[in-house]
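Visitor: I should like to understand how the descriptive terms used for a protein model are justified. Would you please take me through them?

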Amino acid sequence: MNHYDVTAIGELLIDLTQNGVSKQGNPVLEANPGGAPCNVLSFLAKMGHQVGFLGKVGRDGFGDQLEAALVETGIDIRGLCRDEAVHTTLAVVHTKPDGDRDFSFYRNPGADVMLAEQELDEPMIRSSKLLHFGSLSMTEEPCRSATKRAIAIAEEAKILRSFDPNLRAPLWDSLDAAREQIVYGLSHCDILKISDNEILWLSGKQDYDAAVAWIQENYHIPLIFLTLGKDGSHAYCGDVRAQQPGFYVKTVETTGAGDTFMGAMLHQILEMGWKRYSQPELERMLRFANAAAAIITTRAGALRVMPSAEEIQTILSTGA
């Protein structure tokens with residue numbers, strides 16, 4: 001049996017991103033492999049970890065492309081299923097002038113939400129050190145039940161669980177439905193990565209520290225990471241708090257920045273071991289993850305262009 005450092009469950013899809021304009025003046029769209037869970041795994045694989053994916057794509061050309069991309073980046077595909085009837089999910093990414101994005105999803109349904117409980121590779125989960133999941137796989141059935149079953153297996157096996165809500169409002173019937181499933185994730189994770197806009201929306205607070213305190217009081221999550229985009233990130237481990245600024249880089253687009261940050265944090269947790277981290281340790285961890293996330297914003301796409309350890313050390317040593 002293979003033994004994995006991290007297994008992730010969730011969406012694997014094609015990000016259609018504008019890459020230039022045709023002679024007729026039409027946008028030219030590039031089909032980039034995407035999906036937050038595999039972006040996280042791709043970074044971890046780049047750092048030398050054994051990783052595997054649980055998910056579903058269509059039996060179509062895009063599905064073939066995605067499967068090949070996972071193999072190329074070192075992600076084990078034994079948990080990847082193919083749907084004979086439903087096509088691979090597509091997301092059209094609209095990049096704003098500041099590099100941020102809007103998403104238009106073609107997923108009614110898409111193959112990623114068709115993963116069923118009985119298709120889960122249970123031994124794969126049980127042989128992992130950590131299970132990573134998000135909320136996009138909990139938007140619809142049958143993948144919602146499959147995700148919750150994977151979480152339950154990890155809990156039974158006393159495996160660490162990390163959660164990134166990664167809220168995409170257009171994919172939910174309502175924000176109340178999104179809140180219900182995100183709260184489920186908060187109730188079943190040891191490590192949380194959440195963005196500035198997500199935590200204020202979820203908590204109803206106006207202050208980040210107050211919002212984190214609300215999460216700690218209600219969900220008792222041992223380790224919380226708060227990302228603030230170009231302004232850096234915070235970490236909370238019990239009553240220990242740390243923060244680090246972001247790095248100034250020339251941003252092309254921000255796709256995958258949060259996923260790269262998450263992968264960098266999980267890499268360091270695996271390297272250091274699961275424990276109560278000190279403020280200096282958290283500061284070093286944040287700085288490393290901020291550097292990795294900054295690098296990915298200078299590139300189009302994410303999954304196939306993750307930064308190397310050498311590139312991260314370069315930006316850490318130069319500060320830019």
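The conversation below sets computed values against the cut-offs behind each term.

Guide: Please note at the outset that this is a predicted model.

Visitor: What is the strand order of the open sheet?

Guide: The open sheet has 9 strands in the order β5-β4-β1-β8-β9-β10-β11-β12-β13, and its pairing is mixed.

Visitor: Why are β5 and β13 said to stand at the edges?

Guide: β5 (75-83) and β13 (240-244) each have a single partner strand, so one side of each is left without a neighbour in the sheet. On average, neighbouring strands of this sheet are turned by 15 degrees against each other, direction ignored.

Visitor: How do you know that β10 and β11 pair?

Guide: A pair requires at least two bridges. Strand β10 (residues 191-195) is joined to strand β11 (residues 223-227) by 5 bridges, so the requirement is met, and the two run parallel. Within this pairing, L192 stands opposite I224 in β11.

Visitor: Which helices pack on the sheet, and which strands do they touch?

Guide: Among them is helix α2 (residues 61-73), which touches β4 (51-58) and β5. Its direction makes about 170 degrees with that of β5. Another is helix α4 (residues 143-156), touching β1 (4-9), β8 (128-134) and β9 (160-164); the direction of α4 makes about 150 degrees with that of β8.

Visitor: Where is the cis peptide bond that involves P142?

Guide: It joins E141 and P142, with omega about 5 degrees, and P142 lies in the loop between β8 and α4. A cis peptide bond also joins N108 and P109, where omega is about -10 degrees; P109 is in the loop between β7 (101-106) and α3 (122-126).

Visitor: N166 and H220 both have a positive phi. Why is N166 called buried, and what is H220 called?

Guide: Buried means under 20% relative accessible area. N166 has 12%, so N166 is buried. Its phi is about 50 degrees although it is not a glycine, and it is found in the loop between β9 and α5 (175-186). H220 has a relative accessible area of 61%, which is over 50%, so H220 is exposed. Its phi is near 55 degrees, and its place is in the loop between α7 (208-219) and β11.

Visitor: What makes F225 and F261 an edge-to-face pair?

Guide: Ring centres must lie within 6.5 Å, and planes over 60 degrees apart count as edge-to-face. The centres of F225 and F261 are 6.1 Å apart and the planes make 75 degrees, so both conditions hold. F225 belongs to strand β11 and F261 to helix α8 (residues 257-272), 36 residues apart. F225 is buried at 0% relative accessibility, and F261 is buried at 2%.

Visitor: Why does the pair of W274 and Y277 bear the name edge-to-face?

Guide: Their ring centres are 6.5 Å apart and their planes stand at 70 degrees, so the pair is edge-to-face. W274 is partly exposed at 38% relative accessible area, whereas Y277, at 2%, is buried. The structure holds 4 aromatic pairs.

Visitor: How do you know that the charge of K148 sits over the ring of Y184?

Guide: The distance limit is 6 Å from the ring centre, together with a limit on the angle to the ring normal. The charged end of K148 is 4.3 Å from the centre of the Y184 ring and sits over it. Likewise, R179 lies over the face of W201, at 4.8 Å from the ring centre.

Terms used:
Residues are numbered from 1 along each chain as its sequence is written. This is a predicted model: local features need pLDDT of at least 70, side-chain atom pairs count only at pLDDT 80 or more; totals for chains, interfaces and linings use all residues. Side-chain values use heavy atoms; hydrogens and water are left out. Helices (H or I, at least four residues) and strands (E, at least two) are DSSP runs, numbered from the N terminus. Axes are lines fitted to C-alpha atoms, for helices over the stretch in contact, and angles run from 0 to 180 degrees between N-to-C directions. Contact means heavy atoms within 4.5 Å. Buried means under 20% relative accessible area, exposed over 50%, partly exposed in between (1.4 Å probe, protein chains only). Rings of Phe, Tyr and Trp (its six-membered ring) pair if their centres lie within 6.5 Å; planes under 30 degrees apart count as stacked, over 60 as edge-to-face and the rest as tilted. A charge sits over a ring if NZ of Lys or CZ of Arg is within 6 Å of the ring centre and within 35 degrees of the ring normal.
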